[in-house]
Amino acid sequence: GLYLTNAGSTYSTEIGELRRVALDDGSTAALNTDSKVEVAFTKDVRVVRLDRGEAWFEVRKDTTRPFEVEAGDIRVRAVGTAFAVRLRAEGTEISVTEGVVEIWKIGERTTRMRLRAGGTAIVSDGSSIVREPPEPDAVERSLAWRTGKIDLVGTRVKDAITDINRYNKRKVILADPSLAAEEFDGVFRTNED
């Protein structure tokens, strides 16, 4: 991580803002609401540190310089692929839209997991890796924010409120906690109050 403090660029979004950034190597990063990344490319490695929020990366293939995303002590490596990394309260969520990524936790480099297109995994702070069972279009639905929408079909009410609140300064509050586990269905524009 020392090279991150010496050079690179920082990109961020405010609440409700989405941003697409062309990186120096030809890759693309799309930042979701309230997100921040630091980019540092050297001759040997391309590193992006996700400080908060969520970002989707479309990585330009370069077998001589791996592309890595740091999210706390979780690392995700790809050579030429497309994937998202999201910091959550319960850990780091990785979703792959194209190709394959390799995931590991710092200090546990021998324990690596490969995740293929259409797959999602959550790596908890306790270092457990949980693969989400693949559902048709689940990854694309979770990344609907790239087109200005949030897809909450089949989401628990408490989780839907958490997602909706990521995009608004005015917050939704659940008045009746007994509804928290109920299932919610809906697709919403991220720029609607």
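Two strands count as paired if DSSP finds at least two bridges between them. The exercises below apply this to a predicted model.

**Exercise 1. The sheet and its edges**

Task: State in which order the seven strands of the open sheet lie, and find its edge strands.

Solution.
- Step 1. Start with the whole chain, whose secondary structure comes to three helices and 18 strands.
- Step 2. Seven strands form an open sheet, and their order is 1-4-5-7-8-11-12, with mixed pairing.
- Step 3. An edge strand pairs on one side only, which holds for strand 1 (9-12) and strand 12.
- Step 4. Neighbouring strands of this sheet are turned against each other by 25° on average, direction ignored.
- Step 5. At one edge, strand 1 pairs with strand 4 (residues 36-41) in the antiparallel sense, over four bridges. S9 has V39 of strand 4 as its bridge partner.

**Exercise 2. Strand 11 and its partners**

Task: Work out why strand 11 is largely enclosed by the rest of the structure, and describe its pairing with strands 8 and 12.

Solution.
- Step 1. Strand 11 covers residues 100-105, and five of these six residues are buried, so the strand is largely enclosed by the rest of the structure. The cut-off for buried is under 20% relative accessible area.
- Step 2. Strand 8 (residues 74-78) pairs with strand 11 over four bridges, in the antiparallel sense. In this pair, V76 stands opposite I103.
- Step 3. Strand 12 (residues 113-116) is also an antiparallel partner of strand 11, again with four bridges. Here R114 is the bridge partner of E102.
- Step 4. For V101, set aside residues up to four places away in sequence; the residues it touches then include V76, R77 and A78, as well as M113, R114 and L115. T81, F83, I94 and V96 are also touched by V101.

**Exercise 3. The nonpolar cores**

Task: Name the residues that touch the most other members of the largest nonpolar core.

Solution.
- Step 1. Of the 193 residues of the chain, 44% count as buried.
- Step 2. In soluble globular proteins, nonpolar side chains tend to be buried together.
- Step 3. The largest nonpolar core has 28 residues, and those touching the most other members are F57, F83, V101 and I103.
- Step 4. A separate second core has 11 residues, among them A82, W145, L152 and Y167.
- Step 5. Sequence separation gives a further view of the fold: among contacts with a separation of 6 or more, 45% are between residues 24 or more positions apart.

**Exercise 4. The surroundings of D25**

Task: Decide whether D25 is buried or exposed, and list its contacts beyond its sequence neighbours.

Solution.
- Step 1. D25 lies in the loop between strand 2 (19-22) and strand 3 (28-31).
- Step 2. The relative accessible area of D25 is 8%, so D25 is buried.
- Step 3. Apart from neighbours within four places in sequence, D25 is in contact with F41, R46, R60, R65 and F67.
- Step 4. With R46, the contact is side chain to side chain and polar, at 2.5 Å.

**Exercise 5. Salt bridges**

Task: For the salt bridges R65 to D62, E70 to R75 and D159 to R156, give the N to O distances and the exposure of the partners.

Solution.
- Step 1. Side chains of opposite charge can pair when their charged atoms come close. The whole structure holds 18 salt bridges.
- Step 2. R65 and D62 meet at 3.4 Å. R65 is buried because its relative accessibility is 17%, whereas D62, at 21%, is partly exposed.
- Step 3. For E70 and R75, the closest N and O atoms are 3.7 Å apart. Both residues are buried.
- Step 4. D159 and R156 meet at 2.9 Å. D159 is partly exposed, at 28%, and R156 is partly exposed, at 40%.
- Step 5. E54, R86, D163 and R166 belong to one network, joined by salt bridges that share partners.

**Exercise 6. A positive phi**

Task: Explain what is notable about the phi of D34, and locate this residue.

Solution.
- Step 1. Most residues other than glycine have a negative phi.
- Step 2. D34 is not glycine, and its phi is positive, near 50°.
- Step 3. D34 sits in the loop between strand 3 and strand 4.
- Step 4. With a relative accessible area of 32%, D34 is partly exposed.

How values were computed
Residues are numbered from 1 along each chain as its sequence is written. This is a predicted model: local features need pLDDT of at least 70, side-chain atom pairs count only at pLDDT 80 or more; totals for chains, interfaces and linings use all residues. Side-chain values use heavy atoms; hydrogens and water are left out. Buried means under 20% relative accessible area, exposed over 50%, partly exposed in between (1.4 Å probe, protein chains only). Helices (H or I, at least four residues) and strands (E, at least two) are DSSP runs, numbered from the N terminus. A polar contact is a pair of N or O atoms within 3.5 Å; within protein, one must be able to donate a hydrogen and the other to accept it, and residues adjacent in sequence count only if both atoms are side-chain atoms. Contact means heavy atoms within 4.5 Å. Axes are lines fitted to C-alpha atoms, for helices over the stretch in contact, and angles run from 0 to 180 degrees between N-to-C directions. A nonpolar core is a set of buried Ala, Val, Leu, Ile, Met, Phe, Trp, Tyr and Cys residues joined through side-chain atoms within 4.5 Å. A salt bridge is a side-chain nitrogen of Lys or Arg within 4 Å of a carboxyl oxygen of Asp or Glu.
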